[in-house]
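Student: Hi! Could you walk me through a protein structure today?
Tutor: Happy to, let me bring it up.

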Amino acid sequence: MAQSATPIVGVIMGSDSDFTVMSDAVQVLRDFGIPHEVEVVSAHRTPEKMVDYARGAAARGLRVIIAGAGGAAHLPGMVASMTTLPVVGVPVPLAKLDGLDSLLSIVQMPGGIPVATVSIGGAKNAGLLAARIIGSADPELAARLDEYARGLTEMVEEKNRALQA
Ligand code: RP5
């Protein structure tokens, strides 16, 4: 899958200041060659853009949305309320409460509107979860995700061999 192809994963965040965290998700999508787009969409500062983005996402070809925000992190949940695409939420840690506020704002969704919430600052896993969702209907990508998992196993074994040397 080429980067120039139509994006199938949307990475959105409440502020450009979130990109230091969210870039980990983007890196995973790049590494797996998954066409994606990156955009600042704020639930509070650009509410109408958020509505348009969420409502238009599926029709534009997106299959997964990764949404990151910090503090009063309403973006993932609000987007999930306006699309049936899977939404992966990333709690971005801010200085004051270390991301606990972001986590609770994203994870405590009411029944009926799911957001798959990763750990505080866990944008890498958000990228991998999006890849797994896409990979569930893409055997070639699924094979590369298997290979990635085998690489993690091998890395641990190498460390064990080094410990025993
Ligand atoms: C949230 O407010 C954003 O997601 C960001 O994490 C936080 C702070 O935004 P800035 O003041 O850095 O733009 O909506």
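Tutor: We'll talk about the sheet, one of its strands and the ligand surroundings, keeping in mind that this is a predicted model.

Student: Okay, how many strands form the sheet, and in what order?
Tutor: Five strands make an open sheet, ordered S2-S1-S3-S4-S5, with parallel pairing.

Student: Which ones are the edge strands?
Tutor: Those are S2 (36–40) and S5, each of which pairs on one side only.

Student: Let's start at the S2 end. How many bridges join S1 to S2?
Tutor: Five bridges link S1, residues 9–13, to S2, and the two run parallel. To find one of them in the viewer, pick valine 9 and look for its bridge partner in S2, histidine 36.

Student: And what about S3 and S4, how many bridges are there?
Tutor: S3 (residues 64–70) pairs with S4 over six bridges, in the parallel sense. For instance, alanine 67 has glycine 89 in S4 as its bridge partner.

Student: How does the chain get from S3 to S4?
Tutor: It passes through helix H3, residues 75–80, and this β-α-β crossover is right-handed.

Student: On the other side of S4, what's the pairing with S5 like?
Tutor: S5 covers residues 116–117 and runs parallel to S4, joined by two bridges. In one pairing, valine 88 has alanine 116 of S5 as its bridge partner. The chain reaches S5 from S4 through helix H4 (residues 100–107), in a β-α-β crossover that is right-handed.

Student: Is S4 enclosed or open, and why?
Tutor: Strand S4, residues 87–92, is largely enclosed by the rest of the structure, because six of its six residues are buried. "Buried" here needs 20 or more other C-beta atoms within 10 Å of a residue's own.

Student: Which way do the S4 residues point?
Tutor: Val87, Gly89 and Pro91 point one way, while Val88, Val90 and Val92 point the other way, and all are buried. In a regular strand, side chains alternate between the two faces of the sheet.

Student: New topic! Which residues are around the ligand?
Tutor: Among them are Met13, Ser15, Asp18, His44, Gly70 and Val92.

Student: What kinds of residues make up that shell?
Tutor: Seven are polar, four are nonpolar and one is charged.

Student: Last one: what does the UniProt annotation cover?
Tutor: The unreviewed UniProt entry annotates residues 7–156 as "domain: PurE". Over those residues the chain is 45% helix and 17% strand, and the end C-alpha atoms are 34 Å apart.

Conventions. Residues numbered from 1 in each chain as written. Predicted model: local features only at pLDDT ≥ 70, side-chain atom pairs only at ≥ 80, totals over all residues. UniProt positions renumbered as here; feature names shortened; annotations may be inferred. Helix = DSSP H or I, 4+ residues; strand = E, 2+ residues; numbered from the N terminus. Near = placed C-beta within 6 Å. Nonpolar A, V, L, I, M, F, W, Y, C, P; charged D, E, K, R; others polar. Buried ≥ 20, exposed ≤ 12 C-beta atoms within 10 Å, placed from the backbone. Pairing = 2+ DSSP bridges. Right-handed = clockwise from strand over helix to strand, strands pointing away.
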